[in-house]
Amino acid sequence: MPEGPELHLASLYVNNMCAGVVFTGAVRKSEVSKNPDVPFTCEAYRITAASRGKEVKLTLTPMKSDDSKKRVKAGQADQPMEIVFRFGMSGYFCFTTEDELPKHAHLRFYSKEEPCRVLSYVDARRFGSWHPDGKWQPDRGPCVMFEYESFRENIVSHLSDRAFDRPICEVLLNQKYFNGIGNYLRAEILFRLNIPPFASARTVLDGLQSEDVFEDKKPLNNEITDTKTSDGDKQKQGKGETGDLLRLCHTVPLEVVNQGGKGYDPQKADYSDFQAWLQCYYVDGMTSIRDHNGRTMWFKGDPGPMAPKDSKAPKAKKRAKKEDDHDYTEEKKVASSASKKNAVKQETVTKAPKKETDAGSKEAVSKGRKTDKSREVNAPQHEKKPTARGKKNSSAEPTTGPQRRSERTTRQNSK
DNA sequence: CGTCCACGTCTAC
DNA sequence: TAGACCTGGACGG
């Protein structure tokens, strides 16, 4: 759910769902949350939202009342309050009736309706946070989607920063420069330009200008153009019709925003559109290894010179999840309508069968459970292919559906 | 039932 | 550069 596009869609969701809605009372926090209390109580207020990179800001605005001039009741807010949210791995906003409150609704705003509805910040894993100070996190850079010019300028003018000493795929997750880019976006962006994920960031970015020379070019074109125009070595990416790396850090997230979350029918909201949109992340036939921070990097072809030498390949499972959680597409609609859970889309990545090279034995993974990341998995050196696991359906390709992208499992071995 | 994995930061050796 | 912080879904036994 939460990379720049999802945070922005969340802000649109709040603005759509809460337009015209009057909220009242105190802002309530769940017992279990360690985030700060939000000291705001008001007889009547409205809520609006805005996003910047991977943050969303809610503005609570007190409404004027006849007696507002006279005396605001003690403890009642008369000034707007702003709260900045970061979504962690599982945060999202949801507007429901009180009895439909989802599990893990950690911060709640109650409407004045009867029966009332509640705008909730929901976060199962609780990695997300909110900050009543109302400030965008100071060290985060300009939004890749909506502050494009300053985003470019910020990078071009700081290329000497040691932060760019690292592989481009790791720098893309540095929010000081790429506010809004996350794990699926970095894979999609690098894949489209055929940039080895572990190529030096500075080398890849060197020479790019603050001004986007593709500015008035046509928006984008999904062709993968594997034209591979790279005869020479100096592949200064950026040719072709898509634009340079920085431009894609802007346009690719916007493609997700423009999908609006998915189909036209909010009730059916499933994630097949999003899955169909993915060209690399978690896509069958692609390769994946863990970067130096233990995050899985999906790509195709040459990993690049700075690839972790010991590099481990992530397991290889199946996948039938939903990428884009939460359907922020619904325009306002009565929250009470029955929403049936339609079956979730299944299908998916069956790992390509491969010969499992690993010796199996080797040093046992003595460290037991670690944490979210950094699992030591012996990687078959040559082709690190995730081991195959059972395959489910999906074998035959429906004549109609585009399904999993590129069935061209062309294994373009690097060498 | 147990293991592995997940759209992200944070902070402590 | 490791953990820490969390819950839950998909699989495997």
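# Reading strands, turns and charges in a predicted model

In this predicted model, strand β3 and strand β4 (residues 55-62) are joined by 8 bridges and pair in the antiparallel sense.

Student: Let me start with that pairing. Which residue of β4 stands opposite R46?

Tutor: The partner of R46 is T61 in β4. Side chains in a regular strand alternate between the two faces of the sheet.

Student: And how many residues lie between the strands in the hairpin of β3 and β4?

Tutor: There are 2 residues between the strands, and G53 in this hairpin takes a positive phi near 55°.

Student: Which other strand pairs with β3?

Tutor: Strand β1 (residues 23-26) pairs with strand β3 (residues 41-52), again in the antiparallel sense, over 3 bridges. As a landmark for your viewer, F23 stands opposite Y45 in β3.

Student: Now a sheet. What is the strand order in the open sheet of 4 strands?

Tutor: The order is β2-β7-β8-β6, and the pairing is antiparallel. The edges of this sheet are β2 (28-29) and β6 (91-97), each of which pairs on one side only.

Student: How many bridges join β6 to strand β8?

Tutor: Those two strands run antiparallel and are joined by 7 bridges, with β8 covering residues 117-123. To find the register, look for T97, which stands opposite R117 in β8.

Student: Let's turn to the backbone. Is the peptide bond from E114 to P115 cis or trans?

Tutor: That bond is cis, and its omega is near 0°. P115 sits in the loop between β7 (105-110) and β8.

Student: You mentioned a glycine with positive phi. Which residue other than glycine has a phi near 60°?

Tutor: That is R126, whose phi is positive. You will find R126 in the loop between β8 and β9 (129-131). R126 counts as partly exposed because its relative accessibility is 42%.

Student: Where is Y282 placed?

Tutor: Y282 lies in the loop between α7 (272-277) and β10 (287-290). Its phi is positive too, about 65°, although Y282 is not a glycine. With 24% relative accessibility, Y282 counts as partly exposed.

Student: Next, contacts between parts of the chain that are apart in sequence. How many residues apart along the chain are P303 and I195?

Tutor: They are 108 residues apart along the chain, and their C-alpha atoms are separated by 8.7 Å. P303 belongs to the segment after β11 (296-299), and this proline is partly exposed, with a relative accessible area of 24%.

Student: On to charges. How many salt bridges does the structure hold?

Tutor: The structure holds 13 salt bridges. A good place to begin is the network of salt bridges that links R162, D165 and R202.

Student: How far apart are N and O in the salt bridge of D165 and R162?

Tutor: The N to O distance is 2.7 Å where these two side chains meet. D165 is partly exposed, with a relative accessible area of 31%, while R162 is exposed, with a relative accessible area of 66%.

Student: And how far apart are the closest N and O atoms of R202 and D165?

Tutor: In that salt bridge, the closest N and O atoms are 2.8 Å apart. R202 lies in helix α5 and D165 in the loop between α2 (148-156) and α3 (168-171), so this pair ties together parts that are 37 residues apart in sequence. R202 is partly exposed, its relative accessible area being 25%.

Student: Here is another pair. Is E170 buried or exposed?

Tutor: E170 counts as buried because its relative accessibility is 6%, which is under the 20% cut-off. Its salt bridge is with R166, and the closest N and O atoms are 3.2 Å apart. R166 counts as partly exposed, at 35% relative accessibility.

Student: Finally, the surface. Which residues form the negative surface patch?

Tutor: The patch is formed by E149, E153, E211 and E215. One of these, E215, lies in the loop between α5 (201-205) and α6 (245-259). E215 counts as partly exposed because its relative accessibility is 47%.

Definitions and conventions
Residues are numbered from 1 along each chain as its sequence is written. Chains are lettered from A and ligands numbered from 1 in the order in which they are written. This is a predicted model: local features need pLDDT of at least 70, side-chain atom pairs count only at pLDDT 80 or more; totals for chains, interfaces and linings use all residues. Side-chain values use heavy atoms; hydrogens and water are left out. Patches are made of residues with over 30% relative accessible area and no salt bridge: like charges are joined within 9 Å, nonpolar side chains (Val, Leu, Ile, Met, Phe, Trp, Tyr) within 5 Å. Accessible areas come from the Shrake-Rupley method with a 1.4 Å probe; for residues, only the protein chains shown count as cover. A salt bridge is a side-chain nitrogen of Lys or Arg within 4 Å of a carboxyl oxygen of Asp or Glu. Lys and Arg count as positive and Asp and Glu as negative; His and the chain ends are not counted. The place of a charge is taken as NZ of Lys, CZ of Arg, CG of Asp or CD of Glu. Buried means under 20% relative accessible area, exposed over 50%, partly exposed in between (1.4 Å probe, protein chains only). Two strands pair if DSSP finds at least two bridges between them.
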